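Subject: Structure handover and notes on strands and salt bridges

Dear colleague,

I am passing the structure below to you, together with some notes on what turned up when it was analysed. Please read the notes with the structure open beside them.

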Amino acid sequence: MLKRSLTALLISTFACTILNAQEHSRIHQPTLTPQNSGTTHGLIAVWPVNPQVVWASGRAGTFTVTTDGGQTWRAGVVPGAEMLQFRDVQAFSASVAYLLSIGTSGDPTDFRIYKTVDGGATWTIQFENHNPNAFYDGFAFWTPHRGIAHSDSANGVFPDLRTTDGTTWQDIGNNMPPALPGEFSFASSGTCVTTQGGRNAWIATGGATIARILATRDGGNTWNAYNTPLASSPSGGAFTVDFRNPFDGIVGGGDLDPSNPSSADTAISNDGGQTWTLTNAPPVTGAIFGLSYVGQTGGGTGNNLGRAVVVTANDGGAAWTPDEGNTWFTLPGVTGYWAVAFASPKAGWLVGTDGRILKISF
């Protein structure tokens with residue numbers, strides 16, 4: 001009886017292995033198409049409005065925009081921002097976009113928020129930082145008029161900002177959870193903060209002894225802090241976070257210390273960020289700079305693309321998973337990309353060093 005049971009188990013295991021191999025063979029590897037961004041300056045963030053309109057931003061005050069799905073890109077430099085880096089961009093049309101800058105001079109006013117309503121022909125400074133201890137890493141919006149911007153902690157407080165009119169920004173630091181000693185976020189791709197729906201937002205942190213997720217359900221009025229299992233250190237933690245609905249999300253991180261090249265890890269949540277479970281490690285080296293769900297609605301077709309995720313690790317490569325981190329596939333030869341975002345499964349973009357843009361289609 002025992003022998004028959006073991007034989008049945010082996011047959012079942014073998015059958016599952018064959019089925020899994022067949023399923024993996026049916027996985028449709030994405031198509032990668034290089035595009036000409038119109039600039040050689042490094043690109044750090046990308047935001048597809050839809051499959052046709054996409055904005056990207058980066059070093060030397062540079063932004064670039066396409067209105068034809070990337071067949072042609074129009075690059076520009078924001079006057080007065082030539083020495084700044086645009087670490088984040090979010091747009092709502094071919095006309096309306098926001099940029100968030102950091103500087104390298106140590107001047108706190110280098111942290112600014114710009115807005116255009118004419119496709120980048122002119123830009124208005126909406127916010128200019130004067131807190132010497134603030135460091136704004138990224139922003140995210142619910143609507144063209146409602147958004148938040150996140151800063152590293154300063155004297156135990158996150159001096160985060162919120163706009164409710166798309167024009168003025170108010171300090172909501174008093175709404176935020178107390179910061180842990182040394183806690184900060186990473187301005188690696190503009191995705192340390194993400195929004196979903198009309199009032200949900202999540203922020204990924206590192207730098208302290210615990211990598212955390214800060215979460216709001218009411219548009220930034222109140223926040224909770226939740227621990228993640230990602231390793232955290234003065235040079236590591238949670239870098240990037242995304243949610244495909246109010247409950248299901250993924251966070252990625254690692255360590256910028258070059259002596260720790262195998263630090264990349266991801267974790268998933270199915271309760272809105274309150275608890276997290278480590279996934280299998282993605283096949284990239286170094287810290288994960290950015291990640292994005294391929295299908296933001298969680299619906300998916302064929303290979304359940306609602307759960308598919310693409311991650312970037314700058315020089316450490318890039319990879320994708322069809323099942324939120326259980327199975328991983330590398331993107332061969334794809335290195336040096338900082339950020340990734342999707343308008344649809346057939347219309348995603350990776351941006352990176354030397355102004356490179358790569359369209360990715362599943």
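The notes that follow begin with how the values were obtained and then turn to one pair of strands and to the salt bridges.

This is a predicted model, in which local features need pLDDT of at least 70 and side-chain atom pairs count only at pLDDT 80 or more, while totals for chains, interfaces and linings use all residues. Residues are numbered from 1 along each chain as its sequence is written, and side-chain values use heavy atoms, with hydrogens and water left out.

Strands here, and helices likewise, are DSSP runs numbered from the N terminus (E, at least two residues, for strands; H or I, at least four, for helices). Strand β2, residues 43–48, has five of its six residues buried, so it is largely enclosed by the rest of the structure; buried means under 20% relative accessible area, exposed over 50%, and partly exposed in between, with a 1.4 Å probe and protein chains only. Strand β2 runs antiparallel to strand β3, residues 54–58, and five bridges join the two (strands pair if DSSP finds at least two bridges between them). One of the contacts is that of P48, whose bridge partner in β3 is V54, and the connection from β2 to β3 is a hairpin of five residues.

Turning to charged side chains, a salt bridge is taken as a side-chain nitrogen of Lys or Arg within 4 Å of a carboxyl oxygen of Asp or Glu, and by this rule the count comes to five.

Among them is the pair R112 and E128, with the closest N and O atoms 3.7 Å apart. Since R112 lies in strand β8 (residues 112–116) and E128 in strand β9 (residues 124–128), the pair ties together parts that are 16 residues apart in sequence. R112 counts as buried at 13% relative accessibility, whereas E128, at 32%, counts as partly exposed.

R212 forms a salt bridge with E183, the closest N and O atoms being 2.8 Å apart. R212 belongs to strand β16 (residues 212–216) and E183 to the loop between β13 (170–171) and β14 (193–196), so this pair ties together parts that are 29 residues apart in sequence. R212 is buried at 8% relative accessibility, and E183 is buried with a relative accessible area of 1%.

Finally, E324 and R244 meet in a salt bridge at 3.0 Å, N to O, and both are buried. R244, D248, R307 and E324 are linked in a network of salt bridges.

Best regards
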